[in-house]
Amino acid sequence: MNITELLKDVQTRHDEATALAGELRDQIEHLTAALTETEARLADLATTRKVIAELAPIGDEPDPLETTTAYQNILNAFNQHPDQAFRVRELHELLGMPTDDPALNVTRSRLGRLTRQGFLTQPGRSIYQKRT
């Protein structure tokens with residue numbers, strides 16, 4: 001094999017390796033996107049499970065003295081005012097909850113979960129409303 005044939009062979013192998021590397025990059029990009037979507041779905045399912053567990057009593061008979069959860073209180077407020085949009089502070093005032101920043105942040109998180117799960121909508125920044 002002469003130098004010209006050897007260079008041609010090396011170039012062919014280089015081109016094949018370059019094409020394979022491109023295909024692998026495309027597969028990695030596709031798999032990364034699929035993984036991101038799946039992880040988001042897992043997070044949503046974990047939130048759904050948590051919300052359901054908090055809304056539904058566990059056991060054969062519900063405890064009559066059991067207090068309602070924060071999620072139940074929030075959903076009840078939106079059910080009582082289905083056409084009204086609330087800011088977190090307004091919701092806290094309606095429910096008689098503390099209006100300090102840590103308490104508001106916890107409720108923001110809960111409202112975000114309820115929005116992602118489809119119970120609420122967010123018609124504006126920091127504004128939440130019952131999904132119709």
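This is a guided tour of the structure, stop by stop, for a reader who has it open in a viewer.

**The whole chain**

Begin with the full chain in a cartoon view, keeping in mind throughout that this is a predicted model. The protein contains four helices and two strands, and, read from the N terminus, its elements follow the order α-α-α-α-β-β. If you colour by burial, 17% of the 132 residues count as buried.

**Helix α1 and its N-terminal end**

Select residues 3-55, which make up helix α1, and show side chains at the start of the chain. Met1, Leu6 and Val10 together make a nonpolar surface patch of about 320 Å². Of these residues, Leu6 belongs to helix α1, and it counts as partly exposed because its relative accessibility is 41%, between the 20% and 50% limits.

Staying in this helix, select Asp9 and Arg13, which form a salt bridge whose closest N and O atoms are 2.7 Å apart. The structure holds one salt bridge, so a search for others under the 4 Å criterion can stop here. The two residues are four positions apart in helix α1, and therefore about one helical turn separates Arg13 from Asp9. Neither end of the pair is buried, since Arg13 is partly exposed at 49% relative accessibility and Asp9 is partly exposed with a relative accessible area of 30%.

**From helix α1 across to helix α4**

Next, select Thr47 and Arg113 and draw a line between their C-alpha atoms. The two are 66 residues apart in sequence, while their C-alpha atoms are 6.7 Å apart in space. Arg113 has its place in helix α4, and with a relative accessible area of 22% it is partly exposed, because the buried class ends at 20%.

Now widen the selection to the whole of helix α4, residues 101-116. This helix has 16 residues and reaches 22 Å from its first C-alpha to its last, close to the 22 Å expected at 1.5 Å a residue. Which residues of α4 are buried? They are Ala103, Leu104, Thr107, Leu111, Gly112, Leu114 and Thr115, and showing them as sticks marks the buried positions of the helix.

Add Arg110 and Tyr71 to the view. The charged end of Arg110 sits over the ring of Tyr71, at 5.6 Å from the ring centre.

**Helix α2 and the aromatic pair**

Move to helix α2, residues 70-80, and select Leu75 within it. Leu75 is buried, as its relative accessible area is 13%. Then add Lys130, which is 55 residues from Leu75 in sequence but has its C-alpha 8.3 Å from that of Leu75 in space.

With the aromatic side chains displayed, how many aromatic pairs does a search of the whole structure find? It finds one: Phe78 and Phe86 form an edge-to-face pair, with 5.3 Å from centre to centre and 90 degrees between the planes. The pair is called edge-to-face because the angle is over 60 degrees. Both partners are buried, Phe78 having a relative accessible area of 1% and Phe86 one of 4%.

**After α4: two backbone positions**

Finally, turn to the backbone beyond helix α4. Just after α4, select Gly118, which takes a positive phi of about 95 degrees.

Continue to the two strands, β1 (120-124) and β2 (127-130), and select Ser126 in the loop between them. Phi of Ser126 is near 65 degrees, a positive value in a residue that is not glycine. This deserves a look because most residues other than glycine have a negative phi. Is Ser126 buried or partly exposed? With a relative accessible area of 30%, Ser126 is partly exposed, and the tour ends at this loop residue.

Notes:
Residues numbered from 1 in each chain as written. Predicted model: local features only at pLDDT ≥ 70, side-chain atom pairs only at ≥ 80, totals over all residues. Heavy atoms only, no water. Patch = residues over 30% accessible without salt bridge, like charges linked within 9 Å, V, L, I, M, F, W, Y side chains within 5 Å. Areas by Shrake-Rupley, 256 points an atom, 1.4 Å probe, with all protein chains shown as cover. Salt bridge = Lys/Arg side-chain N within 4 Å of Asp/Glu carboxyl O. Buried < 20%, exposed > 50% of the residue type's maximum accessible area, 1.4 Å probe, protein only. Phe/Tyr/Trp six-rings, centres within 6.5 Å; stacked < 30°, edge-to-face > 60°. Lys NZ or Arg CZ within 6 Å of the ring centre and 35° of its normal. Expected span 1.5 Å × (residues − 1).
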